[in-house]
Amino acid sequence: MMGYVYLGCVPASESCADAIKQPDQSRRECLAYKHQLLRLFPVPKDMPASLIVEGSQHDFGTYYEVAVKYDDSNEAAITFAYGVEEQLPTKWDEQAVRELAR
């Protein structure tokens, strides 16, 4: 079965777009955050885990968030998922800043 560890939509010390008023910008921020996390925590090729951007429907629109999706029967995948959560960056890195400026 698949498990999910939700990591937020941007690094903790960064401001984020209003998901309702700026859904496209919110999704762009999530993609930049996912790319930053992949630079910090590359998923090993044989690991049954991946970083995803998941949309959740709400009454006022879609809210996006980055998550680690992992096989919850695989100990290495569980360790990887929670290890990412424990070491999240608090700021954008330079590459993410450039990505968001495009």
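Is Ile78 buried, exposed or partly exposed? In this predicted model, Ile78 counts as partly exposed, at 22% relative accessibility. The legends below take you from that residue to other parts of the fold.

**View 1. Ile78 in helix α2.** This close-up shows Ile78, a residue of helix α2. Its relative accessibility of 22% puts Ile78 in the partly exposed class, because buried means under 20% and exposed means over 50%. Not counting residues up to four places away in sequence, Ile78 touches Tyr70, Asp71 and Asp72. For a sense of scale, pick out Tyr63 as well: Ile78 and Tyr63 are 15 residues apart along the chain, and their C-alpha atoms are separated by 25 Å.

**View 2. The largest nonpolar core.** Here you can look into a core of 24 residues. Those with the most contacts inside this core are Leu7, Leu37, Ala49, Val66, Val68, Phe80 and Trp92. Strands and helices both contribute: β1 (2-8), β2 (49-58) and β3 (61-71) each give two or more residues, and so do α1 (23-40), α2 (75-86) and α3 (94-101). As background, nonpolar side chains tend to be buried together in soluble globular proteins.

**View 3. The surroundings of Val66.** Val66 is one of the residues with the most contacts inside the largest nonpolar core, and this view lets you trace its partners. Setting aside neighbours within four places in sequence, Val66 is in contact with Val5, Tyr6, Leu7 and Gly8. Further contacts of Val66 are Cys30, Tyr33, Lys34 and Leu37, along with Leu51, Ile52 and Val53.

**View 4. Helix α1 against helix α3.** The two helices pack with their axes 9 Å apart, at an angle of about 155°. An angle over 145 degrees counts as roughly antiparallel, so α1 is roughly antiparallel to α3. The crossing of α1 past α3 is right-handed. On the α1 side, look for Gln25, Arg28, Glu29, Leu31, Ala32, His35, Gln36 and Arg39; on the α3 side, they meet Gln95, Ala96, Glu99 and Leu100. Sorted by class, this contact of α1 with α3 has four nonpolar, four polar and four charged residues.

**View 5. Ser26 and Tyr64, a contact between helix α1 and strand β3.** Ser26 sits in helix α1, while Tyr64 sits in strand β3. Ser26 has a relative accessible area of 4%, which means that it is buried. Tyr64, at 18%, also counts as buried, because the cut-off is under 20%. Beyond its neighbours within four places in sequence, Ser26 is in contact with Ala17, Ala19 and Tyr64. By the same rule, the contacts of Tyr64 are Cys9, Pro23, Ser26, Arg27, Cys30, Val53, Glu54 and Gly55. Tyr64 and Val53 are eleven residues apart in sequence, with 6.5 Å from C-alpha to C-alpha.

**View 6. Ser15 in the loop between β1 and α1.** Finally, turn to Ser15, which lies in this loop and is exposed, with a relative accessible area of 63%. Not counting residues up to four places away in sequence, Ser15 touches Val10 and Glu29. Pro48 makes a handy landmark: Ser15 and Pro48 are 33 residues apart along the chain, and their C-alpha atoms are separated by 31 Å.

Definitions and conventions. Residues numbered from 1 in each chain as written. Predicted model: local features only at pLDDT ≥ 70, side-chain atom pairs only at ≥ 80, totals over all residues. Heavy atoms only, no water. Core = buried A, V, L, I, M, F, W, Y, C linked by side-chain atoms within 4.5 Å. Buried < 20%, exposed > 50% of the residue type's maximum accessible area, 1.4 Å probe, protein only. Helix = DSSP H or I, 4+ residues; strand = E, 2+ residues; numbered from the N terminus. Contact = heavy atoms within 4.5 Å. Axes fitted to C-alpha atoms, helices over the stretch in contact; angles between N-to-C directions. Parallel < 35°, antiparallel > 145°, perpendicular 65-115°, else oblique. Left-handed = near helix turned anticlockwise from the far one by under 90°. Nonpolar A, V, L, I, M, F, W, Y, C, P; charged D, E, K, R; others polar.
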